[in-house]
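Please open the model in a viewer and keep the selection tool at hand. The stops below are meant to be followed in order.

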Amino acid sequence: MKPRFVFAVMVAAFVCASLLSSSAQTSPNAVDAEGHQWWQHAVFYEIYPRSFADSNNDGIGDLKGITSKLDYLRDLGVDAVWITPCFPSPQVDFGYDVSDYENIDPMYGTLADFDTLASEAKKRNIRIILDFVVNHSSDQHKWFIDSRSSKTAEHRDWYIWRDGKGPGQPPNNWVSEFGGSAWKFDPTTNQFYYHFFYAEQPDLNWRNPAVKDAMLDVTRWWYHRGVAGFRLDAVDTLFEDPGLHDNPVVPGKNAYGDPLQERKYNTKLPEVHDVLRGLRQVADGSGAVLIGETWTKDISELRQYYGDHSDELQMPMDLMFTKLRFSAPEFRQHIAAVDVAGGWPVYVISNHDIVRSYDRYGDGQHNDQIARVMAALYLTLRGTPIMYYGEEIGMKTTPPTRKEDVKDPIGKRGWPKEKGRDGERTPMQWDRSENAGFSKATPWLPVPPTYKTHNVADELKDKNSVLEFYKRVLSLRHTSRALLDGSYIALNENDPNVLSYLRIYKDQAVLVALNMSGSTQKVDFELSHHGFSSSKALASTPKSSAHGDAVTLEPFGVFIGELSKK
Ligand code: GLC
């Protein structure tokens, strides 16, 4: 990088930092002089409750299981857990079909167990985030049972009912995300109802103010119980065009054999933003945070979810990040674009719907090293990271190999093209005992064979494990002002192999250099010309080190170092 350019970016960083601190004093509930809120300093951790820890040995994880692992989460460096739906549900979509928004499914425990979890978490400074399934309920929810009972039922207009185009013909061509028509005929009233996902997940009608009121009340109810926020499920699909225009068909077919279509009339309608503003107003009353499952095609779409006046989601997830290839230029370009877009970035590398990053990026030979590179990357960027359980120990996606073993209905329907999401939802690997210490009974999904080499107990004893590396970086993230509050400055922007950047806060700076290639790399940063010198390694892989301004990185090596003023 040209020295003059380095100087320019440092000045820009200083100006940014000053602007940030001048607005700080005015922000209520700020946790630092920059005006950041608690969730901007927090590390979030997603728990799929069926698969985390099974306290009653029925093969399915539960809330008491989560409570028993809170010390582990605290020691790891987790500040908030997001629990995917644990509400009463027929479990057609493993909890994403909610039949009562204000209770706990008996398979996970009771409301009393939830209260214990919340209070034990609080003792350890861990906040609880629940998953709010806003787009649809279960067809077993009392609202839908009433809605389908007659055209004049009190809740009829809480869902989307329409006449077919003709006998046996749905109202339009909309296709469900999970295959087939998005309309299901109901003989009781001779109309079709709309479901973006499974037929057992009818879409709520958010154009009806009664639906909005009832759903906002659900959030109030949980805030009073101590919940610190929600991850809002499937927010892109809350509204549909009332004229029910057909979606344009585009070439190709999905895994279920349906023609592909551009979802012009049933996703991302502008009315979504009114709902998000309403949910935000309620959240603000409780100091709560809203995280969004926001599948966006570009950064300007992502930007919209923060709201024009920062009055919608505080944390729309950057799920585009999960689509990038393992390539320094690709990550560099994306991060730069997100960083200047104006919102607080939210980085995710895996979740319960996506192939785990361990094997998405792993080359089969260096997966542990690559897992460390990814950890060092998203845990040191400006923004909030959301981890996925098991990522910190290098858990591998383990999809079923036979159709008869598949549990996720989309895998049953789409086999073999779509194997479903069982592979990324396997039980947490706690130790090398039977069932990986997850349960004494046969787990609902098989434990992957990798539990013998990748499990919490063994990795805690091995200072070179993926887990120990995560712990080191997470601890830095909580203590380094540069990592918490600093600006992001890309370095060596033409390097095809090494992604490197500075995080600068006032006179503190951290250098992060990540070798995304399989060969040794030596990189010169010319930092000494500009007032910094590279010095103390804070976290690095065994054969990566700094000498003056240069850093040598082993294949897939990581160097994170504190820079001192010259
Ligand atoms: C979200 C969830 C996914 C679920 C779907 C329908 O995408 O993450 O697991 O199947 O919504 O609720």
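Select Asn-103 together with the residues it touches beyond four places in sequence: Cys-86, Phe-87, Pro-88, Leu-111 and Trp-222. The model is a predicted one. Asn-103 belongs to the loop that runs between β2 and α5. With a relative accessible area of 28%, Asn-103 is partly exposed, because that class lies between the 20% limit for buried and the 50% limit for exposed. Draw a distance from Asn-103 to Trp-222: the two are 119 residues apart in sequence, while their C-alpha atoms are 9.7 Å apart in space.

Remain in this loop and select Phe-94, which also lies between β2 (80–83) and α5 (111–123). Is Phe-94 buried or exposed? Its relative accessible area is 8%, so Phe-94 is buried. Its backbone deserves a look as well: phi is positive, about 45 degrees, although Phe-94 is not a glycine.

Next, select Ala-234, in the loop between β7 (229–233) and β8 (249–253). Ala-234 is another residue other than glycine with a positive phi, in this case near 45 degrees. Ala-234 counts as buried, at 5% relative accessibility.

Now move to strand β7 and select Arg-231. Arg-231 has a relative accessible area of 0% and is therefore buried. Show its surroundings: leaving out residues up to four places away in sequence, Arg-231 touches Trp-82, Tyr-96, Ile-129, Leu-130, Asp-131, Phe-132, Ile-291, Glu-293, Met-317 and His-352. With Asp-131 there is a side-chain to side-chain polar contact of 3.0 Å. Arg-231 also leads to the next stop, since one of its polar side-chain atoms lies 3.1 Å from an oxygen atom of the ligand.

Centre the view on the ligand. The protein covers 96% of the 310 Å² of accessible area that the ligand has on its own. Which residues come nearest to the ligand? Of the 13 residues around the ligand, they are Asp-93, Asp-233, Glu-293, His-352 and Asp-353. Sorted by class, the shell consists of seven charged, three polar and three nonpolar residues. Two further distances can be drawn from oxygen atoms of the ligand. One runs to a side-chain N or O atom of Asp-93, at 2.5 Å; another runs to a side-chain N or O atom of His-136, at 3.0 Å.

Leave the ligand and select helix α10, residues 328–340. Its 13 residues reach 18 Å from the first C-alpha to the last, close to the 18 Å expected at 1.5 Å a residue. At the start of α10, look for Ser-327: a side-chain oxygen of this residue comes within 3.1 Å of the backbone nitrogen of Glu-330. After the helix comes Gly-342, with a positive phi near 105 degrees. Then colour the buried residues of α10, namely Ala-328, Glu-330, Phe-331, Arg-332, His-334, Ile-335, Val-338 and Asp-339. These buried residues pack against several elements, among them α9 (299–304), α11 (357–361), α12 and β15 (498–505).

From there, select α12, residues 367–378. Its 12 residues should span 16 Å at 1.5 Å a residue, and the end C-alpha atoms are 17 Å apart, which agrees. Why can α12 be described as largely enclosed by the rest of the structure? The reason is that 10 of its 12 residues are buried. Among them are Asn-367, Arg-372, Met-374 and Tyr-378.

Tyr-378 serves as a guide to the next selection, Pro-385, with which it is in contact. Pro-385 is found in strand β13, residues 384–388. At 1% relative accessibility, Pro-385 counts as buried. Apart from its neighbours within four places in sequence, its contacts also include Ala-42, Val-43, Phe-44, Tyr-347, Leu-379 and Arg-477. For a longer view, draw a line to Ser-181: Pro-385 and Ser-181 are 204 residues apart in sequence, and their C-alpha atoms are 36 Å apart.

The last stop is Pro-416, in the loop between α13 (409–414) and α14 (456–460). Display the backbone here: the peptide bond from Trp-415 to Pro-416 is cis, with omega near 0 degrees.

Technical notes
Residues numbered from 1 in each chain as written. Predicted model: local features only at pLDDT ≥ 70, side-chain atom pairs only at ≥ 80, totals over all residues. Heavy atoms only, no water. Helix = DSSP H or I, 4+ residues; strand = E, 2+ residues; numbered from the N terminus. Expected span 1.5 Å × (residues − 1). Buried < 20%, exposed > 50% of the residue type's maximum accessible area, 1.4 Å probe, protein only. Near = heavy atom within 4 Å. Polar contact = N/O pair within 3.5 Å; in protein donor to acceptor, adjacent residues only side chain to side chain. Areas by Shrake-Rupley, 256 points an atom, 1.4 Å probe, with all protein chains shown as cover. Nonpolar A, V, L, I, M, F, W, Y, C, P; charged D, E, K, R; others polar. Contact = heavy atoms within 4.5 Å.
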